[in-house]
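The following explanation accompanies the sequence and the structure. Please keep both in view while reading.

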Amino acid sequence: MSLEQSQQAYCPDQTKAYFDFDGTLTTKDSLMPFLRYCAGDVVYYIKLVILSPILMGYLLKLIPNYIAKELVIGFFLKGWSRQSIQKKAQKFVRHKIPLFLLDAGMAKLQEHQKNGDFCVLVSASPEVYLQLWADTQGFDKVIATKFEFRDDIFTGKLLGRNCFGKEKVSRIESELGEFCWQDSFAYSDSVVDMPMISKSQHGFLLQENKNFSLVD
């Protein structure tokens, strides 16, 4: 979607509400459960063992987030067709995501939707399943990490940057334009999202999966 098309989707003076996904609208991370759903339990755990040096390197901060993420996703899904990934994504959205939605986060989403605000899902998790889920929940827009496909085959690479930390701010500003922070709210469970929270007029952090606290 072009910047011009994005800006036509809402009025400049409309309230915007930006929601992180993992840990904010859910009780846990969604990427690894998605990869497990795609691979099946046996293959998933075998691949986790093979990937353990990469995962350990990430935990020790020896491997940057975006590199570790691309390596892990690619190891599970490289070579899969777009259609095969989308089929798994549809089933994951239908059968798995509802099991770990967070009441506090969903209540905030519904509150903003009831007020007629422009609600945006902004996540480092893959767009391939978040877009499907967001459509079922009435989000106005999704900004998330994209997969690179060539001839409808997943290359194992991310398309553009991982939508994480400061990149969320860059993507929001790029896709929604100069009025994106005007009359805006942002919700997250992690200080990693402080760039987005700080840019918003009203930024909130989730405390112990229960309540959102305003960040001064």
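How much space lies in the largest pocket? In this predicted model, the largest pocket holds about 590 Å³ of space. Its lining is made up of 25 residues, and those lying nearest the centre are Asp29, Tyr58, Asn65, Lys69 and Phe164. Four elements each give two or more residues to this lining: H2, helix H3 (41-59), helix H4 (65-77) and strand S2 (118-126). The largest share comes from H4, which supplies 4 residues. In chemical terms, the lining of the largest pocket combines 10 nonpolar, 8 polar and 7 charged residues.

One of the elements that line the pocket, H2, also takes part in a helix pair. Two packed helices are described by the angle between their axes and the distance between those axes. For helix H2 (residues 31-39) and helix H5 (residues 82-95), the axes come within 10 Å and cross at roughly 120°. Because angles of 65 to 115 degrees count as roughly perpendicular and those over 145 as roughly antiparallel, H2 is oblique to H5. The crossing in which H2 passes H5 is right-handed.

Which residues of H2 and H5 meet? On the H2 side they are Pro33, Phe34, Tyr37 and Cys38, and on the H5 side Ile85, Lys88, Ala89, Lys91, Phe92 and His95. Sorted by class, the residues of this contact between H2 and H5 comprise 7 nonpolar, 1 polar and 2 charged. H2 thus appears in two settings: in the lining of the largest pocket and in the contact with H5.

Terms used
Residues are numbered from 1 along each chain as its sequence is written. This is a predicted model: local features need pLDDT of at least 70, side-chain atom pairs count only at pLDDT 80 or more; totals for chains, interfaces and linings use all residues. Side-chain values use heavy atoms; hydrogens and water are left out. Axes are lines fitted to C-alpha atoms, for helices over the stretch in contact, and angles run from 0 to 180 degrees between N-to-C directions. Angles under 35 degrees count as roughly parallel, over 145 as roughly antiparallel, 65 to 115 as roughly perpendicular and the rest as oblique. A crossing is left-handed if the near helix is turned anticlockwise from the far one by less than a right angle, and right-handed if clockwise. Contact means heavy atoms within 4.5 Å. Ala, Val, Leu, Ile, Met, Phe, Trp, Tyr, Cys and Pro count as nonpolar, Asp, Glu, Lys and Arg as charged, and the others, Gly among them, as polar. On a 1 Å grid over the protein atoms alone, a cavity is a set of points where a 1.4 Å probe fits but cannot get out, and a pocket is an open set with protein on both sides within 12 Å along at least five of seven lines; lining residues have an atom within 4 Å of a point. Grid points are joined across faces, edges and corners, and a volume is the space filled by probe spheres set on the points.
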